[in-house]
There are 2 protein chains.
Amino acid sequence: MAQPLLDTTQLCVHTITTKPWPIETAIDRYAAHGVQGMTVWRDALAGRDIAATGQRIRDAGLAVVSLCRGGFFPAETAAGRQAAIDDNRRAIDEAAALGAPLIVLVCGAALGQPLPVSRQQIQAGIEAVLPQAAAAGVKLAVEPLHPMYADSRSAINTLGQANDLCAAIASPWVGVAVDVYHLWWDPHLQAEIQRCGEIGRIFAFHICDWRTPTDDLLNDRGLMGEGCIPIRQIRGWVEEAGFGGFHEVEIFSNRYWTTDQETFLGRIVEVYLASG
Amino acid sequence: MAQPLLDTTQLCVHTITTKPWPIETAIDRYAAHGVQGMTVWRDALAGRDIAATGQRIRDAGLAVVSLCRGGFFPAETAAGRQAAIDDNRRAIDEAAALGAPLIVLVCGAALGQPLPVSRQQIQAGIEAVLPQAAAAGVKLAVEPLHPMYADSRSAINTLGQANDLCAAIASPWVGVAVDVYHLWWDPHLQAEIQRCGEIGRIFAFHICDWRTPTDDLLNDRGLMGEGCIPIRQIRGWVEEAGFGGFHEVEIFSNRYWTTDQETFLGRIVEVYLASG
């Protein structure tokens with residue numbers, strides 16, 4: 001089991017967690033609460049000068065941890081797959097402009113085709129954009145998603161699959177994002193975290209909690225400590241595997257988005273220290 | 001890929017699929033539609049003479065396929081675990097009275113404790129009731145549940161885990177129920193079905209479909225063909241593994257429960273032949 005957290009040195013928050021705030025407000029308030037890193041969702045950059053926004057984040061004392069999100073490679077048509085590749089190329093450009101060292105990939109799944117086909121298209125898509133990512137100095141993190149998203153969001157649903165995919169691609173620019181929400185239930189999680197760590201491929205660590213009951217498949221994530229995920233134990237596993245990066249709070253919640261975001265952010269810091 | 005279905009010889013429907021109907025209506029209407037088997041949920045037996053109900057099912061020309069459901073073994077207290085064992089003993093008595101050769105086990109998960117602890121308690125619970133089940137001639141089918149139910153319904157979430165559990169218990173009275181809804185996403189599914197079939201432990205095969213979007217984690221299952229599950233392919237895998245039993249339609253759906261059940265049952269037979 002990991003040691004309790006003593007400070008916010010490794011605390012990062014995703015802009016989507018405080019979705020009602022424009023990114024400028026998020027930058028100010030995160031910094032005021034002692035948050036040390038920010039993962040930027042692409043929608044938060046709409047209409048902004050991306051490079052200037054990156055500078056603004058750094059000027060506030062925050063690290064730009066990653067850009068969310070690329071991926072969604074599978075499609076039933078070649079034109080659809082090419083459009084996805086083109087969009088990922090734009091994401092790489094955006095990450096470079098922002099100064100983000102990493103893009104998180106939600107790999108995608110095409111409803112009309114078998115999962116193995118989608119998996120092949122995911123690998124092909126990553127390989128297609130990989131040279132540009134490497135040239136830009138931007139890493140790519142495959143994020144395995146919970147099996148309840150296998151229909152339309154990701155055909156990569158376990159860390160074992162993500163590790164296999166990374167092994168097949170075999171590039172130091174491609175690793176994984178370990179998100180406790182997606183992976184906590186997996187009996188092979190500890191072993192797969194260890195396997196991933198052995199080759200230095202844990203690129204990100206995302207936290208939140210699983211509420212019981214969960215009312216919405218997408219937007220009912222809980223604050224750390226509010227659910228059943230053994231967050232601290234899993235943090236211990238990623239630390240034992242050599243990961244020392246940020247702990248990224250990524251909460252999609254209709255419940256919290258409708259509350260006062262300043263109070264919500266205060267609670268995030270509080271429960272992060274208590275349960276993270 | 002399995003051959004298309006030509007008739008309803010292997011079609012079984014779960015009473016919960018047509019929940020608004022009392023079991024007496026379900027017996028009559030299933031028989032009228034050519035359904036050949038019925039899996040009885042325990043709530044459908046409330047206030048009935050169980051043996052007489054079993055006889056009524058058989059008199060209508062239907063096979064009693066299984067009793068749903070036992071399980072829910074984990075609990076934080078010894079008293080809670082004993083209560084679960086006692087309830088499973090009652091379920092075995094009910095199955096014997098009904099003439100059901102099988103009980104489906106939804107294994108359970110206790111929110112307040114780690115999944116590995118719940119898994120040990122599941123094994124201990126099954127082993128505690130196993131002698132009574134064997135004496136009654138009632139088999140027990142471990143049903144791995146989708147990982148989205150790992151919080152409170154089952155700590156057994158893949159067929160691999162269910163196979164491991166069966167191997168540890170090592171009794172011809174304990175096998176698995178393969179439900180496409182819970183397992184379709186698993187990249188190891190075909191291999192685990194084969195492994196399970198090699199020792200003759202596929203005791204049941206449940207079908208329905210995964211809707212996109214799914215609006216409710218519990219009660220938004222789809223009719224066969226309405227979603228993304230490769231039902232026929234998975235049926236092919238269980239057949240190759242030696243399973244020749246019933247195809248059990250188990251649909252929990254707020255959407256369909258509020259429609260005319262006679263029309264719904266007609267649709268079930270229709271889509272079973274088209275997509276099953």
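1. Strands β7 and β8 of chain B pair in the parallel sense, over three bridges. Within that pairing B:Phe205 faces B:His247 of β8(B). The model is a predicted one, and every point below should be read with that in mind.

2. On its other pairing, β7(B) is joined to β6(B), again in the parallel sense, by four bridges. Here B:Phe205 is the bridge partner of B:Val178. B:Phe205 thus appears in two pairings: opposite B:Val178 and opposite B:His247. Strand β7 of chain B covers residues 202–207, and six of its six residues are buried, so the strand is largely enclosed by the rest of the structure.

3. Strand β8 of chain B (residues 247–249) also pairs with strand β1 (residues 11–14) of that chain; the two run parallel and are joined by three bridges. B:Val13 is the residue that stands opposite B:Val249 of β8(B). These pairings belong to a closed barrel of eight strands in chain B, with the order β1-β2-β3-β4-β5-β6-β7-β8 and parallel pairing. From one strand to the next, the twist averages 30 degrees.

4. A helix packs on part of this barrel. Helix α5 of chain B, residues 159–169, lies across β5 (139–142) and β6 (174–179) of chain B. Relative to β6(B), the helix runs at about 170 degrees.

5. Is B:Trp41 buried, exposed or partly exposed? The residue sits in strand β2 (residues 37–41) of chain B. It has 19 C-beta neighbours inside 10 Å, whereas burial needs 20 or more, so B:Trp41 counts as partly exposed. Leaving out residues up to four places away in sequence, B:Trp41 touches B:His14, B:Thr15, B:Ile16 and B:Cys68. One of these contacts, B:Thr15, is 26 residues from B:Trp41 in sequence, yet the two C-alpha atoms are 6.0 Å apart.

6. Chain A also has an eight-stranded barrel with parallel pairing, but the strand order is written β1-β2-β3-β4-β5-β6-β7-β10. Neighbouring strands of the sheet are turned against each other by 30 degrees on average, with direction ignored. A reader moving between the chains should note the label of the closing strand: β10 in chain A and β8 in chain B.

7. At the start of the chain A barrel, strand β1 (residues 11–14) pairs with β2(A) in the parallel sense over three bridges. A:Cys12 has A:Gly37 of β2(A) as its bridge partner. Strand β2 of chain A (residues 37–41) has four of its five residues buried, so it is largely enclosed by the rest of the structure.

8. Strand β5 of chain A is covered on both faces. A:Lys139 and A:Ala141 point to one side, A:Leu140 and A:Val142 to the other, and all four are buried. A lysine, A:Lys139, is therefore among the buried residues by the criterion of 20 or more other C-beta atoms within 10 Å. On one pairing, β5(A) is joined by four bridges to the parallel strand β4 (residues 102–106) of chain A, where A:Leu102 stands opposite A:Lys139. On another, β5(A) pairs with β6(A), residues 174–179, in the parallel sense over three bridges, and A:Ala141 stands opposite A:Gly175.

9. Which residues have the most contacts inside the largest nonpolar core? They are A:Ile103, A:Ala141 and A:Val176, together with B:Ile103, B:Ala141 and B:Val176, in a core of 178 residues. In soluble globular proteins, nonpolar side chains tend to be buried together. Not counting residues up to four places away in sequence, A:Val176 touches A:Ala141 and A:Val142 of the chain, and others including A:Pro144, A:Leu159, A:Cys166, A:Cys196, A:Ile202 and A:Phe203. Its contacts also include A:Asn163 and A:Arg201.

10. A:Glu240 lies in helix α8 (residues 231–240) of chain A. With 13 C-beta neighbours inside 10 Å, A:Glu240 counts as partly exposed. Its C-alpha atom is separated by 9.1 Å from that of A:Ile193, 47 residues apart along the chain.

11. The contact between the chains takes 19 residues from chain A and 19 residues from chain B. On the chain A side these divide into 12 nonpolar, six polar and one charged. Chain A can be laid on chain B by a turn of 180 degrees and a shift of 0.0 Å along the axis, with an RMSD of 0.0 Å. The two copies are thus related as by a two-fold rotation axis. Of the interface residues of chain A, 100% are also interface residues in chain B, so the copies meet through the same surface.

Technical notes
Residues are numbered from 1 along each chain as its sequence is written. Chains are lettered from A and ligands numbered from 1 in the order in which they are written. This is a predicted model: local features need pLDDT of at least 70, side-chain atom pairs count only at pLDDT 80 or more; totals for chains, interfaces and linings use all residues. A nonpolar core is a set of buried Ala, Val, Leu, Ile, Met, Phe, Trp, Tyr and Cys residues joined through C-beta atoms within 7 Å. A residue is buried if 20 or more other C-beta atoms lie within 10 Å of its own, exposed if 12 or fewer, and partly exposed in between; C-beta atoms are placed from the backbone. Two residues are in contact if their C-beta atoms, placed from the backbone, lie within 7 Å. Ala, Val, Leu, Ile, Met, Phe, Trp, Tyr, Cys and Pro count as nonpolar, Asp, Glu, Lys and Arg as charged, and the others, Gly among them, as polar. Two strands pair if DSSP finds at least two bridges between them. Axes are lines fitted to C-alpha atoms, for helices over the stretch in contact, and angles run from 0 to 180 degrees between N-to-C directions. Copies are superposed by least squares on the C-alpha atoms of residues with pLDDT of at least 70 in both.
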